Amino acid sequence: MSRSSVKAKNTVIARATALLLVLCMSMCAFAGNIDARAKENEKQSLATAGDITSSISAERLATSYTKISAGYTAKEYNGAPVSFKLGDILSDAGKALLTSDNYGYIGEVAAVKHGDELEVTVNVPQTALYLIGFDYLSYDASILPIEFSLQIDGEYSFYEMRSLKFETSWVSKTEKSLDRYGNEIVTIPDKAVQWEHKELSDAGYRYALPLKVELKAGTHTFKIAVKEGTFLLGGITLKAPEKIPEYTGSAKAEGSDIITIEGEDFAIRNDSSIHAVGEYSSSVSPSYIKETILNTVDEASFSDAGQCITYSFDVENAGNYYIALNYRQSEKNGFPVFFDVRVDGIIPNTAFNNYPLPYTTKYKTTALTDDKGDKLSIYLEAGKHTVSFTITEDPVRYALEAVDEIMNGVSDLSLEIKKVVGSKDRYRDLKLNRYIPDIEERLNVWVEKLYAVTDSAKKYVNAKKAEDVAAFAYLLIAAKQLKSLAEEPNELVYRVDELATSTNSINTQLANFVDIIGKNNTSVDRIYLFRGEKTPKSGAGFFRSIFLAIGRFFSSFFGQSYSASSTNKDHISVWVNRPRQYVEIMQKMIDDKFTPETGIEVDLALMTDAQKLILSNASGDTPDIATGINYSIPFEIGVRGALVDLTKFSDHKEIFGRYSDGMLVPSVIGDGLYSLPETMNFYVLFYRTDILGKLGLSVPDTMDELVAMLPDLYMRGLNAYYPTAAMLTMRNFHGVTPLIFQNHGKLYGRTAQELLIDSEETVKGFTELTDLFTHYNLPVDVPNFYQHFRNGDLPIGIADFNSYNLILNAAPEIENSWSIALVPGTKDEATGEVLRFMSGGAESTVMFKSTDEREQKAWEFMKWWSKTEVQAEFGQMVQIMYGDEYIWPTANLEAFKLLPYPSSDKDIILEQAQYILEAPRLLGSYMLERELSNAFNDVVVNGQTIRSRIDEAVKIVERETARKLEEFGYIDADGNILKEYIVPSVEKVREILGK
C-alpha cells in the first residue's frame, strides 16, 4: 500500500472514530441502565480525575512564589551587594553575543534579542535569600517591555520566573503639541535609551516588592531565554532584600510652603501608554472653555498594576512636607486603589507602602494620612527631588490567589462530573455523590473561602458586613451559586454548566471579579507638597464654575473640529470611519509630514456611519477620499460609477504590491481596482497550552488532525471552536468559504452567470464545514469564544483579530497558558502543501470621482497613507499613546513586521496572512452570501440534506444575479448576454497588476 493510501486510510479511521464517539455519546442519553454506565465511567474518571485542568494552572498555583517562598528556610542575605560582570560569568557559547557598543557601560555587555538564550555561572557567597538584579538597556523602537525567563540550575525556582518583565523609562517631550484647531493633543513620549537596573518581579505585578530567591552557597548556572525585546544585557547583582523602615509616626510640617505639580506633567513613566487627557471640568486645572488643554492623567491609561509615574520638583526650603493629591478613582465601586509612594526612588516608611487611595466619583483633594488620620510627612532637603506613584495589587493578592485556586478546582470538578456522567439528562436518577464522595465538601469549602475573602476586605472600606464590599460582589454571587449546588449536589448531573462553562457560571463570576479588581483607573490632576495644617484646595470656585459652564455651552455651537462642515473646499477632504483619537493622530501626521512634503493640504472629518457614504453619493456631497470603511462597501459604491479606478495612475502596481493578492479580490470591478486595503482581520488557531499539554495532544496542522483530536476532548467534556459559530445572524463569507477554497472549490466560474456552488469541489468543502457541526458536534452558536477559551471548555479554536486582542489584553488569569498557530488546513494531494485559506478583509480606502487635479492629489495622499513607514509609525503611535489594546492590524504586511506585536505571534500572523483569500464581490453576490448562510443553517440546525439545499440556493442566486445583471445592462430582458461580467479572482488581480 502506498504512503498516500495509508495516510488516506488513517484519515478515514480518525474521522470514523470521532463520528462513532459522537454517536455513542448521543445514544448514551437514552440508555436504560444509567448507573451501570456511570460506574463504568467512574473507573476511568476517578483514575484520571483532574488530569487536564490541573495542568499548568495547577502547577502555577502549586509552584507560585507565595507557596514556594512560604517554604524558605534560609535567612535573608544582609551583606554588601555581589556584582558579576557579564564577560566574567558568560558561557563560551554566549560570548558571541558580546558587543563593544555598550552605551557607556563599565564592563562587557551582550546584545540579545527575541529567541536568544545565554547561560552564566555565578558563585554565591553564602546560603541565603537574595534579590537578583539585572542591568539592561533597551534601544529598539518597540514599546513592549523586555521579557525573559530565568532558570537556575535547570529549574524555575518558582512559576513566576517563566515570565519576567523589565520596563523602559519614557520621558515627555518638552514642547506641547497642538492640532490645527488649537487643541492640545497627546504627544508620543521618547524612550530613554539609558542603562536601567531592576530586580526580579512577577509579570502580573501582584507583589509590590521584588521576589526573593533562596540560593545555596556555591556555584550556580543561570539560563536566560529572551521572549521579547532587543536590548543590551549588562551585569547581574545579588543583593539583600529591601527593608522598608517601620512607620512610627510623622513629624509636623510647619510653615507655609506649597509646591504644586500638575498631574499631566510627569517627568518619567514606565509605560508609554500613560498619558494626559483634557477634561471639561472646573474641578481640574487648568480649565478651559473652547480649545482643549491636557489637564489630568487619563484614568484609562493609568490602571494596571506595576504602572508608575514619576514627577520632579524643586524644594527651596528644607524641612518636613505633607503630600496631597487632587484625584479621581471611580472604577472600583467603593474600594480603594493601592499605591507605593516613593520619594527620590525610596519608599520612606511602611505607611507609604501599599497606600490605599479611597474611592471617589468626583475629583477630590486629599492629603496622605496614616490609620489614625494624621497627615504623613517626609523630610526634604533643598534642591531637586522626585515623587513616584506605582499601582500595586499586593493588598488584594490573597484574594486573587484564593480565586485562582477556586477557579482551578471548579474547572476540575466540572470535567470530573462530565467524565462520570457523559451527556446531560434531566430525567436521570444518578447519585453523583456515590462517584465523587467529597463533592459536597468541596463545594462548601469554596463557599467558606469566598465568604472569608470578602469578609477580610471589610477593613478597606470600613464596612460592617461583607455584603457592603461592592467590589467583591461577584465573589458573593459565586458563593451563593456554590451554596445552592452544595445543598443538592446530585442536581449537578444536569446543572454542571453552572460550574464553569455557561455565560453566568461560577467561574465567569470569579473571572469578572479578577477583571474588576485589576482595574485601578486613577486620574491625577495635581500633586501638592505643602507645609501647614491646611490642605490646599483645587478646582475653580462657584462663580468661575458657572462662567466656564456658560462659556462651554455657547462654544459648542461653533467651530466643530473634525466635522465635514469645517473642511476647506480647496483642500483634499478625507472622511475617516474611526474614533476621534485615531483622527487626531492622522491629522497631526498629515500636517507635520505629508503637507510639508507635497504641498497638498488635507482636512479630515469624522464619519460615524460608513453607510453615510451611500447617501452622500446620492446627494452629490462626497469627500475626495473615505477610509476605515468595511471592505465590502467599495463594490456597492464603485459598481454605480462613483469611485475612481485606481489603476488609472501610472504607479498603481507599486502601491497595490504592498498587499497580498487574495486581499485585493473584493477591490476588483471589471478590469479595475477600486479600493486599497487599510487593515486586515486575520485568523489564527488559538490553543490552551496547559490543556493540550496535559492531554498529550499536539497542535493540529490539518483539519483532519483537528477532527482526530476531538475524541480526547469529548471524553473530558471539552470541544473545539470554528468561527462560523460566532456568526449568529448571518454566516457570512468569512465563516463559510475557507473550507470551500481549501478544497479547490469556487463560488463562480469565469463569469457571473457561471455559478459553481453545486460543483463537486465546492460541495465537498461545504460538506466538511457542516460535518464539523452535525457529525463532529462542534458548538453551532458561540457568541463569545473569548470567554469560553478563558473558561477552558473550548481550549482550541480558529478565531480572528478581535479575539486575539481580547485574549492578549483582557485574560490575565490564563497569561502564559495559551498560544497561537497557523490555521489547520487541507492537504493538497497533488502538491503536498497544506492549504490554509482564510478570509482577512477588514477596512479599506476609496477615492470618489472628481476633477483630474483633485484625483491626482487624492492619489498622492492614498500612496502616502499606505506607505510602509507611515503605517508602521501610525500603528506605533496609537499603541504608544493609548495602550496595548490599541493594536493596529495594518494590511500592509511590510509595515506589520514593524508593529509592536509579540515577536512569536507576529511571525505566525504574517505567515498565515499569505493565505488570505477573499470571496469575490459582484452583482448578486450578496444573495449568494445570504443563501450560503441559509443553507448552512438549514443543514446544521434544521437537518436538511446538503444537495437539495444547495440546488435550491442555486435557483435563488441565479434568479437574483440575472435581475442585477439586467439592471446594470449586462443582459437584456430575455437573458441574452450583452457583455460578460468577469468574476474577480486572484488570477484577475495578477492580470491587472501584470504579475
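**A buried valine and its surroundings in a predicted model**

Val 782 sits in the loop that runs between α21 (760-774) and α22, where helices (H or I, at least four residues) and strands (E, at least two) are DSSP runs numbered from the N terminus. The model is a predicted one, so local features need pLDDT of at least 70 and side-chain atom pairs count only at pLDDT 80 or more, while totals for chains, interfaces and linings use all residues. Residues are numbered from 1 along each chain as its sequence is written, and side-chain values use heavy atoms, with hydrogens and water left out.

Back to the valine. Val 782 has a relative accessibility of 3% and therefore counts as buried; the cut-offs are under 20% relative accessible area for buried, over 50% for exposed, and partly exposed in between (1.4 Å probe, protein chains only). Setting aside residues up to four places away in sequence, Val 782 touches Tyr 721, Ala 725, Ala 726, Leu 728, His 788 and Leu 794, a contact being heavy atoms within 4.5 Å. Val 782 and Ile 417 are 365 residues apart in sequence, and their C-alpha atoms are 22 Å apart in space.

Now for the whole chain. The mean pLDDT of the protein is 89, with 90% of its residues at 70 or more; pLDDT is the predictor's confidence in each residue, from 0 to 100. Residues 1-56 are another matter, with pLDDT below 50, though this stretch still has 82 contacts in the model beyond near neighbours in sequence. The secondary structure adds up to 30 helices and 40 strands.

As for overall dimensions, the C-alpha trace spans about 100 × 85 × 65 Å along its principal axes. The radius of gyration is 31 Å, which agrees with the value near 30 Å that a compact globule of 995 residues would have. That radius is taken over C-alpha atoms, and the globule rule is 2.2 Å times the number of residues to the power 0.38. Of the 995 residues, 57% are buried. Taking contacts between residues at least 6 apart in sequence, 78% join residues at least 24 apart.

On the outside, the accessible surface comes to about 41200 Å², and carbon and sulfur atoms account for 50% of that. The areas come from the Shrake-Rupley method with a 1.4 Å probe, and for residues only the protein chains shown count as cover. The protein has 101 positive and 139 negative charges, and their mean positions are 3 Å apart. Lys and Arg count as positive and Asp and Glu as negative, with His and the chain ends not counted; each charge is placed at NZ of Lys, CZ of Arg, CG of Asp or CD of Glu.

Helix α23 (residues 801-810) has Phe 801, Ser 803, Tyr 804, Asn 805 and Ile 807 as its buried residues. Those residues pack against β34 (683-688), α22 (785-791), β36 (796-800), β37 (818-821) and α27 (903-913). Phe 801 turns up again in the surroundings of Asn 681, which also touches His 734, Asp 800, Asn 802, Ser 839, Gly 840, Gly 841 and Ala 842, not counting residues up to four places away in sequence. Asn 681 belongs to the loop between β33 (676-677) and β34 and, at 12% relative accessibility, counts as buried. Asn 681 is 208 residues from Pro 889 in sequence, yet the two C-alpha atoms are 7.2 Å apart.

Another loop residue with a partner far along the chain is Arg 640, placed between α15 (633-638) and α16 (652-656). Arg 640 is partly exposed, with a relative accessible area of 46%. Leaving aside neighbours within four places in sequence, Arg 640 is in contact with Lys 964 and Phe 968; the C-alpha of Phe 968 is 8.7 Å away, across 328 residues of sequence. Glu 448, in helix α7 (residues 439-456), is exposed at 57% relative accessible area. The C-alpha atoms of Glu 448 and Tyr 77 are separated by 39 Å, with the residues 371 apart along the chain.

Two tyrosines deserve a look for their backbone. Most residues other than glycine have a negative phi. Tyr 103, however, has a positive phi near 55 degrees, and Tyr 205 also has a positive phi near 55 degrees. Tyr 103 lies in the loop between β2 (98-99) and β3 (109-112) and is partly exposed at 42% relative accessibility. Tyr 205 is in the loop between β12 (196-199) and β13 (212-215) and is buried, with a relative accessible area of 15%.
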